[in-house]
Amino acid sequence: MLTDITIGQYFPGASLLHRLDPRTKIILLFLFIIDIFVFDTPLSYGLLSLFTVSLIYFSQVPMRMMIKSIKPLWWILLFTFLINLCSVSGEAFAHIWIFALTWEGLRQAVFICLRLILLILLSSLLTFTTSPLALTDALENLMGPFKRLGMPAHELAMMMTIALRFVPTLIEETDKIMKAQKSRGSDFSSGSLLHRVKSLIPILVPLFISAFRRADELAMAMEARCYRGGVGRTQMKALRITTIDYVAYGASLLFACTLVGLKVIGI
Amino acid sequence: MPIEIENVTYTYMPLTPFERTALRNVSLTIEEGSFTAIAGHTGSGKSTLVQHLNGLLHPTTGRVMVDGADLAAKGKAAKNARCCVGMVFQYPEHQLFEETVAADIAFGPKNMELAEDEIDKRVRDAMEFVDLDYEKYHSVSPFQLSGGQMRRVAIAGVVALKPKYLVLDEPTAGLDPQGRERLLKKIVQLHKKEKVTIVFVSHNMDDIARVADQVVFMNQGEMILKDIPQRAFFEEEKLQAAGLSAPQLVKLLKGLRANGLDVETAAFTVEKGVENILAALRRKRNAD
């Protein structure tokens, strides 16, 4: 059923990763993405993979969930792998039709796929261990400096928060409307494509109406509580950098330095 | 043939941290022609239970049989069985979508692939049933109507399916007293005249007391009581556990009794209550 979808895929827990400040997690994610792109030797890939796997272990998010997050990109991975395998010139070990499969190509294909997988795993790890609300808070905070340049950081974050807040509500609503129409004999899962598209109308119309009604009610409620945007607004759960954040920054920097060192020595 | 719910357990989102068991081993038989009321506080599993009755949810374990057909099975028998159970959800007016009232009510019958004139007849009958004048309202947009009227249109949309069993999930929620009175009367009429088997979910004990001939109490996913109203409302402990209270009228009669008036407490309509009190007063006067 629809209600079985987990949106924002947050996986509640109390692991070290869960307790890190969301800002720390975002900044460190950026650092690791840079690491992944800059260091391309087998050893650094090995280290990065090991590092990612240990983070997953620490996060206490089941491996099943992590693998599920790669699933949608399976076709892209396969496609990338094949393109690289066939298009890099070098010493060929096999020929298929007009394509020459080279050792260099194989090497590059494996590396690029590994790179993609690491990127997906690390960013999923962020969304698995950080609630969507904490994430928007962190984004608002990190975008703070750009406010001077006229960037509506608070408004953007508020919009994201509201959107995220209403995702489960709307899913529930959709589920309910679908069930109601199903009870009146409508069938969403069989028939021609045109028929299926048509069968969405009885769901979409009530859904839009209810979304507008909710938006209207929310605007009214916010206004009734004197909401006037971000000026001078403080947070109930203010973000705080603690010891574990410093430790995380230190460890990550050390790790990056090691990678730089390896690159300089040329291993 | 009845609806049989056999040892049904239902778990939402199994194998995730959001796992929640909403029904635990519920067994219940809804006899043809009965009027069953299901009561329980919010989150007690009553809505989950009724969604099993027409196959919207399939039990995690256990099974639901309607007229001898297992709803979870594939094939024509199961599909037909699902169709003979009509379902009115909470706030059914939120499911309206057509441009006109008549078209919205016709949506269900159309899905049943009935003939045009049959559909037209059913729309007229259903509108008449919910007291909406066909000539006045059939070409009006349902979104121009008042909340109470919209609800009547939505209910007409289900009644037009002519279900053998009709499940109503808190149909009177949010209606004004008159609207609720009218709707209850209509449901009773459907039960008495058209011989439709009714399953009525509510936490309004006064409503339940007036209409039901079988009462089911749910608490935390378990069925804690199934009995006739004459007994059910006097099970103080179970009522308390389910977070419910006896109907006002029963409380009044019990209060009178506790204060020395020898009155018969099993009365579920105001008329019957008045009768009982008068009878008791008469007895008292004769005794004096």
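Okay, let me start with a term: a crossing of two helices is right-handed if the near helix is turned clockwise from the far one by less than a right angle. Hold on to that, since we'll need it for a couple of helix pairs. And before anything else, this is a predicted model.

So, the pair I had in mind is in chain A: α5, residues 74-87, and α6, residues 103-129. The crossing of α5(A) and α6(A) is right-handed. Their axes come within 7 Å of each other and cross at roughly 155°. Anything over 145 degrees counts as roughly antiparallel, and α5(A) and α6(A) are therefore roughly antiparallel to each other.

Who does the touching? From α5(A) we have A:Leu77, A:Thr80, A:Phe81, A:Asn84, A:Leu85, A:Cys86 and A:Ser87. Across from them, α6(A) brings in A:Gly105, A:Leu106, A:Gln108, A:Ala109, A:Ile112, A:Cys113 and A:Leu116. Sorted by class, that contact has nine nonpolar residues, five polar ones and no charged ones.

Next pair, still chain A: α8, residues 153-183, and α10, residues 201-224. The angle here is about 140° and the axes are 10 Å apart. Again, α8(A) passes α10(A) in a right-handed crossing. On the α8(A) side you'll find, among them, A:Phe166, A:Leu170, A:Glu173 and A:Ile177. On the α10(A) side, the list includes A:Pro202, A:Ile203, A:Leu207 and A:Arg214. This contact divides into nine nonpolar, three polar and two charged residues.

Let's zoom out to the whole of chain A. It has 11 helices and two strands. Reading from the N terminus, you get five helices, then the two strands, then six more helices. How does the radius of gyration of chain A sit against the globule rule? It's 24 Å, well over the 18 Å that the rule gives for 267 residues, so chain A is more spread out than a compact globule. Along the principal axes, its C-alpha trace spans about 65 × 55 × 35 Å. Of those 267 residues, 18% count as buried. And if you take contacts between residues at least 6 apart in sequence, 76% of them join residues at least 24 apart.

Now chain B. Here we have 12 helices and 10 strands. The radius of gyration of chain B is 21 Å, close to the 19 Å from the globule rule for 288 residues, so chain B is as compact as a globular protein of that length. Its C-alpha atoms fill a box of roughly 70 × 50 × 35 Å along the principal axes. Of the 288 residues, 41% count as buried. For contacts in chain B with a separation of 6 or more, residues 24 or more positions apart account for 62%.

Okay, how do the two chains meet? 23 residues of chain B are in contact with 20 residues of chain A. On the chain B side, β6 (85-88), α3 (101-111) and α6 (147-159) each supply at least two residues. Which of these gives the largest share? That's α3(B), with three residues. By class, the chain B side of the interface has 14 nonpolar and nine polar residues, and no charged ones.

While we're on α3 of chain B, have a look at B:Ala102, which sits in that helix. Buried or exposed? B:Ala102 has 23 C-beta neighbours inside 10 Å, and 20 or more makes a residue buried, so B:Ala102 counts as buried. Beyond its neighbours within four places in sequence, B:Ala102 is in contact with B:Val123, B:His138 and B:Ser139. By way of a long distance along the chain, B:Glu181 is 79 residues from B:Ala102, and their C-alpha atoms are separated by 24 Å.

Last bit, on backbone angles. Most residues other than glycine have a negative phi. Two residues in chain B are worth a look on that score. B:Asn25, in strand β2 (residues 20-30), has a positive phi of about 50°. B:Asn25 is partly exposed, with 14 other C-beta atoms within 10 Å. Then there's B:Glu170, where phi is near 40°. B:Glu170 is in the loop between β7 (165-169) and α7 (177-193), and with 19 C-beta neighbours inside 10 Å it counts as partly exposed too.

Methods: Residues numbered from 1 in each chain as written. Chains lettered and ligands numbered in written order. Predicted model: local features only at pLDDT ≥ 70, side-chain atom pairs only at ≥ 80, totals over all residues. Helix = DSSP H or I, 4+ residues; strand = E, 2+ residues; numbered from the N terminus. Rg over C-alpha atoms; globule rule 2.2 N^0.38 Å. Buried ≥ 20, exposed ≤ 12 C-beta atoms within 10 Å, placed from the backbone. Contact = placed C-beta atoms within 7 Å. Axes fitted to C-alpha atoms, helices over the stretch in contact; angles between N-to-C directions. Parallel < 35°, antiparallel > 145°, perpendicular 65-115°, else oblique. Nonpolar A, V, L, I, M, F, W, Y, C, P; charged D, E, K, R; others polar.
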